[in-house]
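Thanks, everyone; I would like to take a few minutes to walk through one structure, starting at the ligand and then moving on to the packing. Please have the sequence and the model open while I talk.

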Amino acid sequence: MERTEPESGNRRRVVVIGGGIAGSLASKSLQFDSDVTLIDPKEYFEITWASLRSMVEPSFAERTLINHKKYLQNGRVVTSPAVNITNSEVVTADGLVFGYDYLVLATGHNDVLPKTRQEKLSQYQSEYEKIKSCESILIVGGGPSGVELAAEIAVDFPEKKVTLVHNGPRLLEFVGQKAADKAFDWLNTKKVEVILNQRVDLSSASDGDKNYRTSGGETVHADCYFLCIGKPLSSEWLKGTVLNDNLDGKGRLMVDEYLRVKGRKNVFAIGDITDIPEMKQGYIAEKHASVATKNIKLLMSGGNEKKLSSYKPGSDIAIISLGRKDSLAQFPFMTVSGCVPGLLKSKDLFVGKTRKARGLDPNIVD
Ligand SMILES: Cc1cc2nc3c(=O)[nH]c(=O)nc-3n(C[C@H](O)[C@H](O)[C@H](O)COP(=O)(O)OP(=O)(O)OC[C@H]3O[C@@H](n4cnc5c(N)ncnc54)[C@H](O)[C@@H]3O)c2cc1C
């Protein structure tokens, strides 16, 4: 194992684990106040909710895949997953060891993604070619990824036969019934066949045969398929660390109102990995990042703990884009779909806004 020494003697060492929505913003905000190390298995940050558009328009990914070094110019980027945490150090799979004064955990969901931005761009190009060359497409999973992908394909390639199979009783189980019904109806108007309450056996199609059997005895013919099933939290690895007792039964890190891992003074957790009872959304993960970084700055400057900022969950809002113009928005007081809520998300998918929050030009990729 190789220990790394801080570059700037007296600055406090902050290690951020996970360069997703929450971790990218946290490390960017702390870079001029501390000696920041960002640990992530990939060299880039991805605007997750724009990934489905990139599958039908690969060039869209140019703005949504951002090398960590672009927004973290005054920090260290380590491209390797974290595998262990002690009370004072973080160890990566590459065997590097980083001491910390403050630790921020932001590992969100586990996804196997290419290590380099270029590889990820090529992956989108291949997925696009696959969609273009197939007449019929099977989408497995009716959560946000499955619904948004079905919508993107239905709008950009209306001639394709799209079938979405979901094992639950309704689409988009993280939002209300009304929103689920609206998504179902919208997909129907675009001639997407939605099959609910059934599982699809992906091994049932033998070579050359493109017929997939479902648990309900139906057969779906498809030239290709995309798996859009929810990803588990990236917290399993924490079981072998000093934070094992800080995980709840669902593998989420239990935090206090200041977003510190309960019982710990210098360890914070933000984003989807926390146990806060609220919808798991990127805009919420960004709010966590601002509260946690404000608190870390206060503690680093010797501020009074009584002045720490509390995080209070707000109203849950969810917006699901339905192709390039429409979307479905669930607000606390109403649920609407169509081109009016579509103005909120569907054209740019908040890409410009997300880039700007990280100090980058919303439009230009350099
Ligand atoms: C299709 C879809 C549409 C969505 N639309 C919206 C939307 O419109 N608005 C919205 O607000 N939210 C949306 N969301 C939700 C949003 O994407 C998540 O809430 C958000 O990504 C959570 O951010 P995070 O930083 O907690 O985790 P993530 O963004 O998942 O980032 C986790 C990071 O941690 C890294 N990591 C994992 N394990 C390790 C490890 N051991 N060591 C180091 N690094 C590790 C990963 O590589 C990744 O970079 C959508 C999600 C999906 C799937």
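Around the ligand there are 36 residues, and the ones that come nearest are G18, G20, W49, G108 and G271; please keep in mind throughout that this is a predicted model. If we sort that shell by residue character, we find 16 nonpolar, 14 polar and 6 charged residues. As for where they come from along the chain, α1 (21-30), β3 (35-40), α6 (144-156) and α8 (282-300) each contribute at least two residues to the shell.

Moving to the packing, the largest nonpolar core holds 91 residues, and the members that touch the most others are A26, V104, L138, I139, A150, A183 and I270. To take one of these, A183 is in contact with V147, L171, L172, I320 and L328, leaving aside residues up to four places away in sequence.

Finally, let me turn to helix α5, residues 117-133, where a simple length check is possible: at 1.5 Å a residue its 17 residues should span 24 Å, and the end C-alpha atoms lie 25 Å apart, which agrees. Which residues of α5 are buried? They include R117, K120, Y124 and I131, and because the buried residues fall within an arc of 60° when seen down the axis of α5, they line one face of the helix. The face turned away from that buried side carries Q118, S126, E129 and S133, which are exposed. Covering the buried residues of α5 are, among others, β4 (44-46), α2 (51-56), α3 (61-64), β5 (65-67), β11 (136-140) and α6, and α6 is also one of the elements that supply the ligand shell.

Note on methods. Residues numbered from 1 in each chain as written. Predicted model: local features only at pLDDT ≥ 70, side-chain atom pairs only at ≥ 80, totals over all residues. Near = placed C-beta within 6 Å. Helix = DSSP H or I, 4+ residues; strand = E, 2+ residues; numbered from the N terminus. Nonpolar A, V, L, I, M, F, W, Y, C, P; charged D, E, K, R; others polar. Core = buried A, V, L, I, M, F, W, Y, C linked by C-beta atoms within 7 Å. Buried ≥ 20, exposed ≤ 12 C-beta atoms within 10 Å, placed from the backbone. Contact = placed C-beta atoms within 7 Å. Expected span 1.5 Å × (residues − 1). Arc of directions from axis to C-beta.
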